[in-house]
Amino acid sequence: SAVAENMPVAEAFSFVCEQYGQYRITYYGEDMYGNRTQKSFSVRVRDEQAPVIQCDFRPPESVAVGEELKLPVFSVKDNLDAEVETALFVVDVHGKFHLIGQGSKYMFTEKGEYRIVLYARDSAMNVAQRDYVIKVV
């Protein structure tokens, strides 16, 4: 949409980009002989705000080998996107990532330190992550 159309510009002109996206700015000029020219450029306003993970999970300080733990269910809010890509991983003692469904149970099979990773990414590729450490004894 036009911000200022058919308006003579005798000095600097400014405007506020109120939405994310790309703006095309075109200047037209005409001299007193009717010669016309134009110059265009684009300005991209990016979403740089990461999604926010909301989770009330309170992990135990430790669990025993062979014990199952119910993994958290979490929600995500984003400043633009109604739906955000999410994932829940368990990172085992060897550093291997296991993609697990929210609210699923996971059995810890070896002693050591595990991580539960909650992950969210919006359409502008902004990422949020929350980690919980679980000690398996």
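The legends below go with close-up views of a predicted model.

**View 1. Strand β7 and its two antiparallel partners, β10 and β8****.**
Start with β7, which covers residues 85–91 and pairs with β10 in the antiparallel sense over seven bridges. To find your way along this pairing, look for Val-90, which stands opposite Ile-116 in β10. β7 also pairs with strand β8, residues 97–100, again in the antiparallel sense, here over four bridges. A handy landmark for this second pairing is Val-91, with Phe-97 of β8 opposite.

**View 2. The hairpin of β7 and β8, with Gly-95 between the strands****.**
Five residues lie between the two strands of this hairpin. If you like checking backbone torsions, try Gly-95, where phi is positive and near 85 degrees.

**View 3. Phe-89 and Phe-97, an aromatic ring pair****.**
The model has six aromatic pairs in total. In the one shown here, the ring centres of Phe-89 and Phe-97 are 5.6 Å apart and the planes meet at 80 degrees, so the pair is edge-to-face. Phe-89 has a relative accessible area of 21%, so this residue counts as partly exposed, given that buried means under 20%. Phe-97 is partly exposed too, with 47% relative accessibility.

**View 4. Phe-108 and Tyr-114, a buried ring pair****.**
Here is another edge-to-face pair: the rings of Phe-108 and Tyr-114 have centres 4.8 Å apart, with 85 degrees between their planes. Phe-108 is buried at 0% relative accessibility, and Tyr-114 is buried at 1%. Keep Tyr-106 in the frame as well, since ring pairs link Tyr-106, Phe-108 and Tyr-114 into a cluster.

**View 5. Met-125 in the loop between β10 and β11****.**
This loop joins the view of β10 (112–121) to that of β11 (127–136), and Met-125 has its place between them. What is the phi of Met-125? The angle is near 70 degrees, a positive value in a residue other than glycine. Met-125 has 53% relative accessibility, and because exposed means over 50%, the residue counts as exposed.

**View 6. Cys-17 and Cys-55, in a structure with zero disulfides****.**
How many disulfides does the structure hold? The count is zero. Are Cys-17 and Cys-55 buried or exposed? Cys-17 is partly exposed, at 28% relative accessibility, whereas Cys-55 is buried, with a relative accessible area of 11%.

How values were computed
Residues numbered from 1 in each chain as written. Predicted model: local features only at pLDDT ≥ 70, side-chain atom pairs only at ≥ 80, totals over all residues. Heavy atoms only, no water. Buried < 20%, exposed > 50% of the residue type's maximum accessible area, 1.4 Å probe, protein only. Disulfide = S-S within 2.5 Å. Pairing = 2+ DSSP bridges. Phe/Tyr/Trp six-rings, centres within 6.5 Å; stacked < 30°, edge-to-face > 60°.
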